[in-house]
Amino acid sequence: MSTNRTTAQWQAVDSAHFLHPFTDFQALARKGSRIIERAEGIYLWDSEGHKILDAMSGLWCVNVGYGQRALIDAATRQLQELPFYNAFFQTATPPAIELAELLSEVTPPQFNHVFFTGSGSEGNDTIVRMVRRYWDILGQPERQVIISRQNAYHGSTMAGASLGGMSGMHAQGGLPIPGIEHIGQPYRVEHGRGMSHDEFGLVAARWLEDKILAIGAQKVAAFIGEPVQGAGGVIIPPATYWPEIQRICDKYGILLVSDEVICGFGRTGRWFGCETFGTRPDLMTFAKGVTSGYIPLGGVMVGDRVAKVLIEQGGEFEHGYTYSGHPVACAVALANIKLVRELGLVQRVHDDVGPYLARCYESLRDHPLVGTAETCGLMGALLLVKDKATLAPFDPSLSIGMVCRGHCFANGLIMRAVGNRMIIAPPLVITRAQIDEMMALIRRCLDLTLADAQREGWLA
Ligand code: PXG
């Protein structure tokens with residue numbers, strides 16, 4: 001790689017050739033990309049030498065932080081030993097086998113099998129095929145429908161985007177594919193004002209039952225959800241929500257799928273989000289945190305209920321990817337999971353930095369712009385409002401979230417904006433002192449956003 005280009009040169013070549021994901025290409029070309037050159041711990045450095053606190057862990061993935069030697073060495077060793085071999089034709093590689101074994105250990109007890117993919121989106125495509133295959137084998141081929149939620153994010157492939165509940169994505173390319181239905185999300189600010197959290201959790205879960213009855217239970221294959229909706233804006237459901245979803249799935253014999261791409265591997269303070277929220281899923285999608293994002297890897301944990309049918313009655317499952325069980329990716333995942341264990345990161349999020357972040361977020365509630373401030377483990381969300389008492393939103397055309405995000409970038413902090421929600425998901429290795437540093441930056445950026453709003457008369 002040539003490293004002697006200036007920022008302007010990088011930007012010119014970037015916009016000439018590189019089509020970025022989820023990007024308005026022309027708008028980016030006008031502005032120029034921010035070029036990230038290196039990273040260490042929880043910090044990034046851009047091509048202008050600015051140090052940035054990465055409160056989004058790359059893209060919800062760098063859980064062990066940047067620069068971890070154990071992962072780098074595992075990749076290097078495996079590249080030398082065996083950079084690639086496939087798992088198709090009755091072959092396997094030691095890292096893939098060992099990772100399958102280790103995943104069975106760290107996941108809830110019903111999970112003893114894994115199907116590897118290259119990403120979370122591919123994992124959710126696998127889910128759709130596997131769920132439908134399961135019911136086919138059982139002689140119930142009419143069980144096709146998978147129920148998901150509005151504002152869910154399950155990836156960008158045809159099936160992933162269809163399962164997702166993002167209307168903008170559905171509008172591009174004729175989605176969703178047939179047999180996918182959506183219900184409302186458990187977002188109290190949107191749907192549950194005037195109800196207690198517990199009441200609203202039950203109401204929102206019962207939208208699933210309504211949908212099942214409207215479709216006909218004999219046609220419903222599965223329900224899929226993220227324990228906490230990540231890309232949708234860190235929507236943390238009430239404690240009553242997931243147990244009620246579990247009860248409804250059990251009642252109608254419907255498979256429960258937990259998309260753990262963001263919540264998995266410690267983010268919520270347990271190994272998996274389903275453990276934090278009290279469900280027993282039949283299938284789990286994972287990606288991101290499995291390798292801390294150092295190298296692409298995803299997969300589906302297959303619970304005993306489904307695995308038994310696929311293995312004992314299924315014959316050939318005609319599905320798989322070149323990189324299913326990629327040895328280098330699996331070697332990095334092994335090193336990553338071992339490091340998470342050695343550093344006790346999951347317990348640390350549960351007992352120490354998670355509760356600490358929660359207290360810090362509580363203290364932000366007094367800020368004039370902050371309508372709600374919530375955390376779950378090491379995920380946090382602030383709702384920016386015009387009026388704290390009524391939670392009245394700003395005019396969407398003002399893009400208040402983007403204004404705030406602009407201040408964050410300019411002040412050395414990466415915090416995401418999803419509409420009016422400002423969200424974080426810092427690396428699990430973040431220390432209390434670094435949380436203090438992050439909170440000072442967040443407060444400063446909120447103050448700058450407030451000053452803009454006052455100056456421009458947006459609060460009137
Ligand atoms: N499921 C969930 C819950 C995710 O968050 C995927 C599936 C798809 O994973 P892949 O590896 O195919 O990207 C994701 C990905 C955002 C953002 O804007 C979030 C994701 C991806 C890109 C952007 O927060 N999550």
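1. In this predicted model, domain 1 and domain 2 bury about 2800 Å² between them, with 63% of that area on carbon and sulfur atoms. On the side of domain 1, the residues that lose the most area to domain 2 are Trp60, Val346 and Met379, which together make up 23% of what that side buries.

2. The domain assignment behind this interface divides the protein chain into domain 1, written as 7-67 + 344-456, and domain 2, which covers 69-343. The contact draws 37 residues from domain 1 and 39 residues from domain 2, and the centres of the two domains, taken over C-alpha atoms, are separated by 26 Å.

3. As to the polar side of the interface, zero salt bridges are found across the boundary of domain 1 and domain 2, whereas 21 residue pairs, both members at pLDDT 80 or more, are in polar contact between the two domains. The elements of domain 1 that give two or more residues to the side touching domain 2 are the helices α3 (57-60) and α15 (345-363) together with the strands β11 (370-376), β12 (379-384), β14 (416-418) and β15 (421-424). Of these, α15 provides the largest share, namely five residues. By residue class, the side of domain 1 that touches domain 2 divides into 22 nonpolar, 11 polar and four charged residues.

4. Turning to the ligand, 16 residues surround it, and the closest are Trp60, Gly120, Ser121, Asp259 and Arg416. Three side chains can be described in detail: a polar side-chain atom of Trp60 lies 2.8 Å from an oxygen atom of the ligand, an N or O atom in the side chain of Ser121 is 2.5 Å from a ligand oxygen atom, and a polar side-chain atom of Arg416 lies 2.4 Å from an oxygen atom of the ligand. Trp60 deserves a second look here, being listed both among the residues closest to the ligand and among those of domain 1 that lose the most area to domain 2.

5. The structure holds 16 salt bridges, one of which joins the side chains of Arg69 and Asp73, with a distance of 3.3 Å from N to O. Both residues belong to helix α4 (residues 69-81), and because they are four residues apart in that helix, they are separated by about one helical turn.

6. Two backbone features merit a check by eye. Most residues other than glycine have a negative phi, and most peptide bonds are trans. Against that background, a cis peptide bond joins Leu175 and Pro176, with omega at about 0 degrees, and Pro176 lies in the loop between α8 (167-171) and β6 (180-183). Val234, a residue other than glycine, has a positive phi near 50 degrees, and Val234 is found in the loop between β7 (220-225) and α11 (241-252).

Terms used:
Residues are numbered from 1 along each chain as its sequence is written. This is a predicted model: local features need pLDDT of at least 70, side-chain atom pairs count only at pLDDT 80 or more; totals for chains, interfaces and linings use all residues. Side-chain values use heavy atoms; hydrogens and water are left out. Domain bounds come from an automatic or database domain assignment. Contact means heavy atoms within 4.5 Å. Buried area is the accessible area (1.4 Å probe) that two parts lose on being put together, summed over both. A salt bridge is a side-chain nitrogen of Lys or Arg within 4 Å of a carboxyl oxygen of Asp or Glu. A polar contact is a pair of N or O atoms within 3.5 Å; within protein, one must be able to donate a hydrogen and the other to accept it, and residues adjacent in sequence count only if both atoms are side-chain atoms. Ala, Val, Leu, Ile, Met, Phe, Trp, Tyr, Cys and Pro count as nonpolar, Asp, Glu, Lys and Arg as charged, and the others, Gly among them, as polar. A residue is near a molecule or strand if one of its heavy atoms lies within 4 Å of it.
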